[in-house]
Amino acid sequence: MDFWAIFTKLGDTNFTLPVALLLAIWLAAARHWRLALWWCVLFGTGLFIVTASKVAYVGWGIGIASIDFRGFSGHAMRAATIAPPLAYLLFQHRNPETARRGFLLGAAFGIAICISRLILGVHSVSEAVSGLLLGLFIAMLFVMLCERAQPVQASRLPLMIGLFALLPALLARPAPTQGWIEQVAIQLAGDRHRDDIHHRLGKPNPLQKHESNATTSP
């Protein structure tokens, strides 16, 4: 398998969501309740924006045709949101400068995931870059909150063990997020938009096919 096809799995939903949850649990266990709550709110907001942008395109064709934008890249957003704060917190106990370098290292990882989406042809430039920028913006907001709070003094070992324990999730089949988005879009847009939705997805309308078969059958 191609390197980029393997590497991009680090941005898959079935890996990034457990990592995000692991970070929230670690912060809560360290009694940094406010940071844990803010992390859940900010990451959840990012997920909502990505999902809403894709549902808007699938359901109603809302996008920017001139730059081939049909929704934020979820892989790029999740990687850029999670990796910088994670690296920042892993190095925070050393000194502030090392923690900021960790943030930059995490940002570089997010950029690499963004590049992988472009190389694999999964997203347009506008979709991948916008997902990256959205994720980095959320990551910066969270790290600003971290710098205003007391440094997290909890052991980093459970966090690192948890990360390694989640690596087998990379071998699992990717979560069918696109299928879920399509179902949500169809439910929200209604049957009157079903033909348009299937046209945008490049798929035949299964109901229309069924009706056609029923009409032509003896």
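This is a short talk on the fold, the two largest pockets, a surface patch, some loop residues and the salt bridges of one chain.

Let me say at the outset that what we have here is a predicted model, and that I will keep to what can be computed from its atoms. The chain has ten helices and zero strands, so if you follow the pattern along the sequence you simply read α ten times over, from one end to the other. Of its 218 residues, 44% count as buried.

I will begin with the pockets, as I expect that they are what this group will want to look at on the screen. The largest pocket has a volume of about 630 Å³, and 26 residues line it, of which Lys54, His123, Thr177, Gln178 and Ile181 are the closest to its centre. Five helices each supply at least two residues of that lining, namely α2 (13–29), α3 (33–60), α4 (74–91), α8 (177–189) and α9 (194–201), and among the contributors it is α3 that gives the most, with six residues. In terms of residue class, this lining is a mixture, with eleven nonpolar, eight polar and seven charged residues.

The second largest pocket holds about 500 Å³ of space. It is lined by 18 residues, and the ones closest to its centre are Ala83, Leu86, Leu90, Phe109 and Leu163. The elements that give two or more residues here are α2, α4, α5 (96–119) and α7 (157–166), with α4 providing the largest share, seven residues. How many charged residues does the lining of the second largest pocket have? There are none, since the count by class is 16 nonpolar, two polar and no charged residues, and I would ask you to set that beside the seven charged residues in the lining of the largest pocket.

Let me stay for a moment with Leu90, one of the residues closest to the centre of the second largest pocket, and turn from there to serine 155. The C-alpha atoms of serine 155 and leucine 90 are separated by 9.3 Å, although the two residues are 65 apart along the chain. Serine 155 itself sits in the loop between α6 (125–148) and α7, where it counts as partly exposed, because its relative accessibility is 45%, which falls between the 20% and 50% cut-offs.

On the surface, there is a nonpolar patch formed by Trp60, Ile62, Val184 and Leu188, which together have about 400 Å² of accessible area. Of these four, I will single out isoleucine 62, which lies in the loop between α3 and α4 and is exposed, because its relative accessible area is 52% and the cut-off for exposed is over 50%.

Two loop residues deserve a remark for their backbone angles. Arginine 31, in the loop between α2 and α3, has a phi near 65°, a positive value in a residue other than glycine, and it is exposed, with a relative accessible area of 65%. Aspartate 68, found in the loop between α3 and α4, likewise has a positive phi, of about 55°, although it is not a glycine.

Aspartate 68 also brings me to the salt bridges, of which the structure holds four. Its side chain meets that of arginine 70 in a salt bridge at 3.8 Å, N to O, and the two partners are both partly exposed, aspartate 68 at 38% relative accessibility and arginine 70 at 36%.

Within helix α5, glutamate 97 and arginine 101 lie four residues apart, about one turn of the helix, and they form a salt bridge whose closest N and O atoms are 3.9 Å apart. Here glutamate 97 counts as partly exposed at 42%, whereas arginine 101 is exposed at 55%.

Which parts of the chain does the pair of arginine 100 and glutamate 147 link? The closest N and O atoms of this salt bridge are 3.2 Å apart, and the pair links distant parts of the chain, with arginine 100 in helix α5 and glutamate 147 in helix α6, 47 residues apart. Both residues are partly exposed, arginine 100 at 39% and glutamate 147 at 40%. Finally, salt bridges that share partners join Asp68, Arg70 and Glu127 into one network, and that is where I will stop.

Methods: Residues are numbered from 1 along each chain as its sequence is written. This is a predicted model: local features need pLDDT of at least 70, side-chain atom pairs count only at pLDDT 80 or more; totals for chains, interfaces and linings use all residues. Side-chain values use heavy atoms; hydrogens and water are left out. On a 1 Å grid over the protein atoms alone, a cavity is a set of points where a 1.4 Å probe fits but cannot get out, and a pocket is an open set with protein on both sides within 12 Å along at least five of seven lines; lining residues have an atom within 4 Å of a point. Grid points are joined across faces, edges and corners, and a volume is the space filled by probe spheres set on the points. Ala, Val, Leu, Ile, Met, Phe, Trp, Tyr, Cys and Pro count as nonpolar, Asp, Glu, Lys and Arg as charged, and the others, Gly among them, as polar. Patches are made of residues with over 30% relative accessible area and no salt bridge: like charges are joined within 9 Å, nonpolar side chains (Val, Leu, Ile, Met, Phe, Trp, Tyr) within 5 Å. Accessible areas come from the Shrake-Rupley method with a 1.4 Å probe; for residues, only the protein chains shown count as cover. Buried means under 20% relative accessible area, exposed over 50%, partly exposed in between (1.4 Å probe, protein chains only).
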